[in-house]
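Hello,

Here is the structure I promised to pass on to you. Have a look first, and then read my notes below.

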Amino acid sequence: MPQLQFAHFFLGPLATNCYLMHDGKEAVVFDPGGSPEKVLDYLKKNKLGLTAIYNTHLHFDHVTGNHALATASQAPIYANERDAYLMPDNRQASILYGVPPVEDFAFQNLDEGARTVLGTEMRVLATPGHTPGSLSYYLPEYRTVICGDVLFHGDIGRTDFKGGDYPTLEKSIREKLYTLPEDTRVCPGHEEETSIGEEKLYNNYVKA
Ligand SMILES: [Zn+2]
Ligand SMILES: [Zn+2]
């Protein structure tokens, strides 16, 4: 089995972390949260075909590049349908930040469960609280979890947006993320990486 390569891009006005994973031929992207030129350049330079786009949740700063990437590649978009209520608000939010409105896109519903992506296991975890449909993508073979705005280095996701709920978020972190191996690399939606072990000890809001 080929070792997968990972790449990372800051996209959009909130410097959302967009992650890419590829096997030398095919690639999948997580949260293209801004104009995706950097991602398209990377795909071209490395001669990669994009086969799927995964969203951790449907806030505008994680989905802005969905339409352009899906149009360029025919890749399907996956997200959880419990976040569909956010789509109309996203147009307003992007105007507020002075970026072009999020273009409509269709997505396929993804629920908790395991699937194989680029030859590796990917466990989709339901981690609601920041939004009701927040998903985290856990790659056990690579000791990595891509968790969107659920857990950050020293911090946790906001729960004051429409549909957010603090007790639900805390439960998701404790039961779905803090139960992963301590050396799991945490790739959050914003700012720098951390690990499950570090957050269990030092997180300012939810300690294990
Ligand atoms: Zn968010
Ligand atoms: Zn965000």
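A word on terms before the details: two strands count as paired if DSSP finds at least two bridges between them. Please keep in mind that this is a predicted model.

With that in hand, start at strand E7, which is joined to strand E8 (residues 120-126) by five bridges, the two running antiparallel. Across this pair, alanine 114 stands opposite arginine 123 in E8. Both strands belong to an open sheet of six strands with mixed pairing, in the order E7-E8-E9-E10-E13-E14. Strand E7 (113-117) and strand E14 (194-195) are at its edges with a single partner strand each, so one side of each has no neighbour in the sheet.

Another pair to look at is E1 (residues 5-11) and E2 (residues 16-22), antiparallel and joined by seven bridges. Glutamine 5 has histidine 22 in E2 as its bridge partner. The two strands make a hairpin with four residues between them, and glycine 12 in the turn has a positive phi of about 80°.

Now for the interior. The largest nonpolar core has 48 residues, and those touching the most other members are Ala27, Val29, Tyr137, Val145, Cys147, Leu151 and Leu177. Beyond its neighbours within four places in sequence, valine 29 is in contact with Cys18, Leu20, Val39, Leu50, Ile53 and Leu69.

As for the whole protein, there are six helices and 14 strands. The radius of gyration is 16 Å, close to the 17 Å that the globule rule gives for 208 residues, so the protein is as compact as a globular protein of that length. Buried residues make up 44% of the 208.

Best wishes

Terms used. Residues are numbered from 1 along each chain as its sequence is written. Chains are lettered from A and ligands numbered from 1 in the order in which they are written. This is a predicted model: local features need pLDDT of at least 70, side-chain atom pairs count only at pLDDT 80 or more; totals for chains, interfaces and linings use all residues. A nonpolar core is a set of buried Ala, Val, Leu, Ile, Met, Phe, Trp, Tyr and Cys residues joined through C-beta atoms within 7 Å. A residue is buried if 20 or more other C-beta atoms lie within 10 Å of its own, exposed if 12 or fewer, and partly exposed in between; C-beta atoms are placed from the backbone. Two residues are in contact if their C-beta atoms, placed from the backbone, lie within 7 Å. The radius of gyration is taken over C-alpha atoms; the globule rule is 2.2 Å times the number of residues to the power 0.38.
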